[in-house]
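Got your viewer open? Let's take a short walk through the model, one selection at a time.

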Protein chains: 2
Amino acid sequence: MASNSITPAKADLTSKDYYFDSYAHFGIHEEMLKDEVRTVSYQNAILQNKHLFEGKVVLDVGCGTGILSMFAAKAGAKLVIGVDMSNIIDKAKQIVADNGLSDKVTLLKGKMEEVVLPVDHVDIIISEWMGYFLLYESMLDTVLVARDKYLTPGGLIFPDTATMHIAAIEDGDYRKEKIDFWDDVYGFNMRAIKEVALKEPLVDTVDPEAINTTDCIFKTIDITTVTKEELAFTAPFHIQCTRRDYVHALLVWFDISFDACHKPVRFTTGPRGKYTHWKQTVFYLPEPLVTEAGEPITGEITSRPNDTNPRDIDITIKYRHEGEKETKEGALDYRMC
Amino acid sequence: MASNSITPAKADLTSKDYYFDSYAHFGIHEEMLKDEVRTVSYQNAILQNKHLFEGKVVLDVGCGTGILSMFAAKAGAKLVIGVDMSNIIDKAKQIVADNGLSDKVTLLKGKMEEVVLPVDHVDIIISEWMGYFLLYESMLDTVLVARDKYLTPGGLIFPDTATMHIAAIEDGDYRKEKIDFWDDVYGFNMRAIKEVALKEPLVDTVDPEAINTTDCIFKTIDITTVTKEELAFTAPFHIQCTRRDYVHALLVWFDISFDACHKPVRFTTGPRGKYTHWKQTVFYLPEPLVTEAGEPITGEITSRPNDTNPRDIDITIKYRHEGEKETKEGALDYRMC
């Protein structure tokens, strides 16, 4: 059998409903738990740092099945409070009980902004809040609410640093399959849909061989200090072509670091790392760039929540390629929805 | 790149909202169009039977991107009316115009039960209404409404016959991965979720080599005559083991036939056919059966819409295996949701 289960159709709902329900089904938790890059990183960050957790009060924001809460309890936390607004928390409560951890782990169903915690302050916040493109349908806003309301001065956040990276890729074959497909569908012109497809970044895994530029970090987020406002940003980037090739798309991924650990635990969701369920995010250009080694591609990325549906992200990429064969520039609007 | 795009989380919404929005995103239409077993079967059934479509009025129930409507127009229909309640129909209108077919194809946004057609009767109904397990989130109810309200006596329905098939499979490895996974998740017992996973049929592709019984048709649906009430049914099945093996699951698939064609066009979604996006539906047994060649497995399948959420399907499978090593019987409740 192949490994994919029911792939439900994409819901296009009010953000609140969609968010609320999207984590109720066990399938999404199965996918996240089986993402070993993700889960083992959290396991290592927590269990290899018992000296940080011993006797502490820990808050798990968006606890899901309770896996991180149970890691924290196992690491010696005095009390772990897990909060989640999804119905999955009913299962998590049973799981915590089945593992004999009910005396250490308290799970609360509700929104972080509304639930009443049994404590005024917590020593450590743990959370797996990251979405596609780091910020799409992410829970980072909620982590910041929890941080500002509950984290004791000098308290720790697991993880505490995220970086966003960009490079360019040759991707002619897959572009044909995903974008140019709409030019001729069983003899019919469906370019009306091609336009939409071009504006939606594609979340997929990319062969590292496809990368034909250097890569750079365009955004670093310090989760201990960042504000909600700073999550809407414009950031410059500068990459350099590494071979004679065509550039069909720009590629974004993120890395995560637990710098509070005795020895930092880190993982990447980039194409050179092991597979993660976040894959990478591909932004197709309307036309490929014709590039030679050494040529620069510069530009800036703007990312901000959509005005009417704040769970969607509007992304604008301005780029300029100064090449031997051509100089091209443009500003492209994308939407993750 | 792998071929899978964003896999949105499973929504657990009121049926109406979920249905309404799930077809708005182009990704689901891309998947359906790229299912060549599906789309080429419709193309053949329609375009190889121009003598049936020439000068006729055709209704396309749930027209989506308009592909079937355009096939019908190309086959010589005088007028094709496509109806869909999803926002995708806005794109379909543009597609029909872009292909110069606006004079022959009229698209109407709304529920079949509510839209006002420009004609009183239609000669042919075309529809791709099939869901997982044939009936899950299917639009067959809507096709029946359209048939009873608009189809002229002696009119045709494409397709007009569906059969549902059952067999048993050996599936030990994958069962471990999908079900027994929950026994020990990074050292924690998550059997609270295993219980849920066992009750939800798994939609996935099965290796035909895994089949270790005969298969049988347990339900035949004549779409020209079936009533909505007959779609809630109990049907017996009788299969026979073909080798010494273990049976881990029962497997259901469906075949579709366009019997109205001059020469019937048919396709299967079974494991011995080419891949389709419907895959097959796997019902795990709590414990495997120990089987020898020739032994019978008998039982009955009940399928009916859930009382509170009629888009969900409650499925009960009663089975009895009379074997040399053991005799086992049981009644298992599943829910597709």
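Helices (H or I, at least four residues) and strands (E, at least two) are DSSP runs numbered from the N terminus, and two strands pair if DSSP finds at least two bridges between them. This is a predicted model, where local features need pLDDT of at least 70 and side-chain atom pairs count only at 80 or more, while totals for chains, interfaces and linings use all residues. Residues are numbered from 1 along each chain as its sequence is written, chains are lettered from A and ligands numbered from 1 in the order written, and side-chain values use heavy atoms, leaving out hydrogens and water.

Start in chain B with residues 57–61 and 122–127: these are β1 and β4, running parallel and joined by 4 bridges. Click B:L59; its bridge partner in β4(B) is B:I125.

Now widen the selection to the open sheet of 5 strands, ordered β3-β2-β1-β4-β5 in chain B, with parallel pairing. β3 (105–109) and β5 (151–158) of chain B each have a single partner strand, so one side of each has no neighbour in the sheet.

Next, select α6 of chain A (88–98) and α9 of chain B (191–199). Their axes, lines fitted to C-alpha atoms over the stretch in contact, sit 8 Å apart at an angle of about 130°. Angles run from 0 to 180 degrees between N-to-C directions. That makes α6(A) oblique to α9(B), since oblique means not under 35 degrees (roughly parallel), over 145 (roughly antiparallel) or 65 to 115 (roughly perpendicular). Show A:I95 and B:V196, which are among the residues making the contact (heavy atoms within 4.5 Å).
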